[in-house]
Every structure is written in structure tokens, then in C-alpha cells.
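Visitor: I should be grateful for a close look at one part of this model, namely the way its helices pack. Please set that part in the context of the rest of the chain.

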Amino acid sequence: MDLVNNFSWSFSRDSLFKQCQRAYYYNYYGYWLGWDKKADQSCKDAYRLKNITGLDLLVGDVVHKTIKHVLTVYKTSGTIIEFDAAFNIALDKFSTAYTKSQNQDWQVKIKDNTNLFEHYYGINISDDKLHQKIGKIEQCLVNFYRLDFFNSVNTDDIFSIDTLNSFFFEEFTLWAALDLVIKKGDAYYIYDWKTGKQNDKDLFQLSLYIYHIVNDFGADIENIYICPVYLLDNDSPKFNYLKLSQDFDFQSMYDRISNSANQMISLLFNFEHNALDINNTQKTKESKQCNWCKFKELCLTK
Ligand code: SF4
């Protein structure tokens, strides 16, 4: 069966589209089939650059993966991995990814090997900076353990851990990454681990998850609790459950997503085949954004 690059919508897609249409093109179109040896060089280049990540993103990824591991072991065996062991797992994940990036293992296999923006573009990472990032990982895990999660949740209550769900919204697919869902009776508790600062998009993002749980799991909105957990907060984080009431303005959420998706779709020259021409995308006018853009090697030489 042929692979098809279907149109879908996500928060990260929306965010990149708003930052720079050209970067959006490379990330969602230009890279397509770039993993294939027979692909055009420009697709291979875009695919290589798309898979670059940054040091802060690596920190977030390591924290998420470590918590996922801790929760999975708890769910499957009831065993609680203690903080020190969890931190060692995280350190191992971080140093493995960092070393692979330094050694450019991605040259052998892009998908399975971290390629850090800083290494790729020759930006020095001082020892201080590295220690600071490791400190962030530690702080996030300290705060996760402070939540006292294992005393409040039974293994049978864990409904899903770190799933990437797709669901239909109007005529296209949406993606939602659910870090943790607990189900107690008819009630659903959706947890989202945050390794960055609070942001006004958070509630919007989580309300979309509620839409997904209501529509695809048949839950009643009154029985859904959302809980963003800011793991870097200096104060001990808490489970602060938010609830949307029956009269939550879902319409404004639909409108926001529809508007965003329609702007993306309006650039396509063929919607059925989700086909976008690079010449129909604008480069950002905010040249500062180019400094930290992973596609700059490809874009700024054209
Ligand atoms: S280098 Fe600048 S203009 Fe080019 S894709 Fe990146 S952000 Fe956009």
C-alpha cells in the first residue's frame, strides 16, 4: 500500500504555520519520502533537518519518557521505581541521546538517533549549560515524585499512558498526545506533564482533549477532569484539576481550529492529494526566527 501524506491538524502544526510558512512547508511536505534512498536530494535534506531537535526539547522528551517508564512499570507490575533509580534512567537516556548526537550516529540512521540543533549548527554547549539542563531533568522528576501519585492512584485505574491519538474533527484528522489518562468509574482524569512555562494555549489544548474523550470514548463532559502539571515550578506542583462546564464554548474552539486549518488548506493547489508548492509559501519576515530554525541550512541557501 502506498504511503499517503494526508492533511491533519495539530497544535504544533498550527504554531509552525504561524511562525513561518516556509518552515511549515519543509516540516510537513518537503520532507515526505526523504527517508527513501531514491528520493530527491531536497527531500532527503528536509527529512534530515526535520529530525533535528534542540537541547530543551531533549530535556522534555527525556522527562516524558522516564515518567512513562515509571508509570508503565507501576501499571504492569505494581512496582514503584524510586526517585534515584528514575533519575538514573533519565540520565542514561539523556547521555545516550547526547553522545549519539555528538557522534553523528544519525548519519547511519536518522530516525533512531538524536541530532541536536546545537551540534549540527556548531553552537557551543558549555559544561554549565549541560549541568543546567540535567538540573532541569532532576527538578521535573523531583516534582513528579512530590505529587505522591502512587498513593492516590491504583494500577487498575490507569487507562492509558503516553498515547498519540488521532480522531476526526470536521473533515480532517487531529492529533492529541495524552500523557496519562486515569479512569475511575465514569470519571476520566487527563494529565499533561509540562516541562516548560505556563502558556495561554494550555487550556485550549486540554479542552481539545476533552472533545476527544467526549466524542470517542462516550464520556460525559461533567465527568472529565483535566490536570496540567507544571513540573518545573519551584513550588511543589499539585494536581489542580480543571473542569469544563456543560456550557463551555466549544464553538469558539471549533472556530479557532477551523480557521487555522482553512488557512493551511487555502495554500494547497490540490486538497484531495494534500499538495503544496514551496513557491506558494512565504518566508517569515522575522529574521530572528531564522537563527533557531532547523531548516536554515536548506532555506537560506535558496
Ligand atoms: S530559515 Fe527563516 S525563512 Fe527559512 S524556513 Fe527557517 S524561519 Fe523560515
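**Helix packing and its surroundings**

Guide: H2 and H3 are roughly perpendicular to each other, because their packing angle is about 105° and angles of 65 to 115 degrees are classed in that way. This is a predicted model, and the description that follows is of that prediction. The axes of H2 and helix H3, which covers residues 41–50, lie 9 Å apart. On the H2 side, the residues that take part are Tyr 26, Asn 27 and Gly 30. They meet Ser 42, Cys 43, Ala 46, Leu 49 and Lys 50 of H3. Sorted by class, the contact of H2 with H3 comprises 4 nonpolar, 3 polar and 1 charged residues.

H2 also packs against helix H1, which is formed by residues 11–19. Here the axes come within 6 Å and cross at roughly 140°, and H1 and H2 are therefore oblique to each other. H1 contributes Arg 13, Leu 16, Phe 17 and Gln 19, while H2 contributes Gln 21, Ala 23, Tyr 24, Asn 27 and Tyr 28. By class, the contact of H1 with H2 has 5 nonpolar, 3 polar and 1 charged residues. Asn 27 of H2 thus appears in the contact with H1 and in the contact with H3.

The ligand brings H2 into view once more. Its surrounding residues include Cys 20, Arg 22 and Ala 23, and Ala 23 is also listed in the contact of H1 with H2. From further along the chain, the residues around the ligand are Lys 283, Thr 284, Gln 289, Cys 290, Cys 293, Phe 295, Lys 296, Cys 299 and Leu 300. Helix H2 (21–30), helix H11 (288–291) and helix H12 (296–299) are the elements that each give two or more residues to this shell. Its composition by class is 7 nonpolar, 2 polar and 3 charged residues.

A further helix pair is H5 (residues 83–102) with H7, whose axes come within 10 Å and cross at roughly 145°. The crossing of H5 with H7 is right-handed. Phe 83, Ala 86, Phe 87, Ala 90, Leu 91 and Phe 94 of H5 make this contact with Ile 134, Ile 137, Glu 138, Leu 141 and Tyr 145 of H7. The contact of H5 with H7 has 10 nonpolar residues, no polar ones and 1 charged residue.

H7 leads on to the domain arrangement. The protein chain is divided into domain 1 (30–151) and domain 2 (155–257), and the C-alpha centres of the two domains lie 24 Å apart. Their contact takes 18 residues from domain 1 and 15 residues from domain 2. On the side of domain 1 that touches domain 2, helix H4 (55–77) and helix H7 (127–146) each supply at least two residues. H4 gives the most to that side, with 10 residues. By class, the side of domain 1 that touches domain 2 has 8 nonpolar, 6 polar and 4 charged residues.

Methods. Residues are numbered from 1 along each chain as its sequence is written. This is a predicted model: local features need pLDDT of at least 70, side-chain atom pairs count only at pLDDT 80 or more; totals for chains, interfaces and linings use all residues. A residue is near a molecule or strand if its C-beta atom, placed from the backbone, lies within 6 Å of it. Helices (H or I, at least four residues) and strands (E, at least two) are DSSP runs, numbered from the N terminus. Ala, Val, Leu, Ile, Met, Phe, Trp, Tyr, Cys and Pro count as nonpolar, Asp, Glu, Lys and Arg as charged, and the others, Gly among them, as polar. Domain bounds come from an automatic or database domain assignment. Two residues are in contact if their C-beta atoms, placed from the backbone, lie within 7 Å. Axes are lines fitted to C-alpha atoms, for helices over the stretch in contact, and angles run from 0 to 180 degrees between N-to-C directions. Angles under 35 degrees count as roughly parallel, over 145 as roughly antiparallel, 65 to 115 as roughly perpendicular and the rest as oblique. A crossing is left-handed if the near helix is turned anticlockwise from the far one by less than a right angle, and right-handed if clockwise.
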